Amino acid sequence: MSKHTDQIKQESKFVFNIEIEKNNHNKFKLIKKKVTFPWSLGRGYEQKSGINCVRILPQVAGAGLMSGDNFFQRVYLGKDARAKVQDSGSMIVLSGQKGPASTHWEYTVDEGGVLILDSEPYCLLDNARCEVYNTFYLSDSATVIALDGFCHSKNLVEKFGFYKNETKVKSLDGKLILIDRQKALADSLHRLSKYVEKGSGAVGTINIFAVKKISENLMVVVDDLDIPHARAAFNGISGFSIRLLAPSGGQLRNVTKHVLYQFEKKLKELVA
């Protein structure tokens, strides 16, 4: 089988496959957009505030994932390209007998690229099971800010299924740099409930992958978040992770929105 055929076979698995490049007029454009069910995507929008970038607003049919779904998505940023991928709302995860709903995201950020993933928390309905896999292929000078997390409908811990998140960071040539795994079961939320007043309905993460000058300056602007959280530096790559615990998905989203706004203001100073 030829290399070209191998590449076509590999790309055929993606139901969402976009590429963004910087043109000669310092604008960032979608140069490739292959989007099939369950996704839809219009054009990219020029962001009017914060850093200069293209804003992408993907939408999913039915606004959710069903039991047994197994989708693959890909986002590529060329050299010096900048993009903000922003959810249009929380992704609902439905329960069922066909196994967990799984989604796989692959992000590639070339030299000087800036990627902001403004993700809403996955909202798990009663007994829903969700698995999220994120793989980042990053150049040494890439900057990535990524939000992820989940909340549980009605905050009924006894009907919570499970949520699994796996994040891998690799070099552009595929060398594994970092792997982070999280898994939440009903027992996990019971143990966490003592840290919040009204249960533990939402857990989130803010990851920063960037050169030391940028990552450290971004962390400086993180103020008191009013919810339990922990911060840690990564091993093997420059960057930080902030773990968050909130009583509801709405409160988690309010906090992450605030932090992201501060990050974007600071990025405007740090990146030309």
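A cavity here is a set of points, on a 1 Å grid over the protein atoms alone, where a 1.4 Å probe fits but cannot get out. Grid points are joined across faces, edges and corners, and a volume is the space filled by probe spheres set on the points. In this predicted model, local features need pLDDT of at least 70 and side-chain atom pairs count only at pLDDT 80 or more, while totals for chains, interfaces and linings use all residues. Residues are numbered from 1 along each chain as its sequence is written, and side-chain values use heavy atoms, with hydrogens and water left out.

Let's begin inside. Searching the whole structure turns up one cavity of 30 Å³ or more, and the volume of the largest cavity is about 50 Å³. Its lining residues, those with an atom within 4 Å of a point, include Ser119, Asp148, Thr205 and Arg253. By type, the lining divides into three nonpolar, five polar and three charged residues; Ala, Val, Leu, Ile, Met, Phe, Trp, Tyr, Cys and Pro count as nonpolar, Asp, Glu, Lys and Arg as charged, and the others, Gly among them, as polar. At least two lining residues come from each of strand E15 (143-152), strand E18 (202-209) and helix H4 (249-270). These labels are DSSP runs numbered from the N terminus, with helices (H or I) of at least four residues and strands (E) of at least two.

Now follow H4. The expected span of a helix is 1.5 Å times one less than its number of residues, so the 22 residues of H4 should cover 32 Å, and its end C-alpha atoms, 31 Å apart, agree with that. Among the buried residues of H4 (under 20% relative accessible area, with a 1.4 Å probe and protein chains only) are Leu252, Arg253 and Thr256. The buried residues of H4 pack, with heavy atoms within 4.5 Å, against E15 and E18, and also against elements including helix H3 (212-220) and strand E20 (239-246).

E20 brings us to a hairpin. Strand E19 (residues 229-233) pairs with E20 in the antiparallel sense over five bridges, where pairing takes at least two DSSP bridges. Ala230 has Arg243 of E20 as its bridge partner. Five residues separate the two strands, and Gly236 in the turn has a positive phi of about 90 degrees.

Finally, visit some loops. Asp226, between H3 and E19, has a positive phi of about 65 degrees although it is not a glycine. Asp226 is exposed (over 50%), at a relative accessible area of 66%. Pro38, in the loop between strand E2 (28-35) and strand E3 (39-40), follows a cis peptide bond from Phe37, with omega near 10 degrees.

Methods
On a 1 Å grid over the protein atoms alone, a cavity is a set of points where a 1.4 Å probe fits but cannot get out, and a pocket is an open set with protein on both sides within 12 Å along at least five of seven lines; lining residues have an atom within 4 Å of a point.
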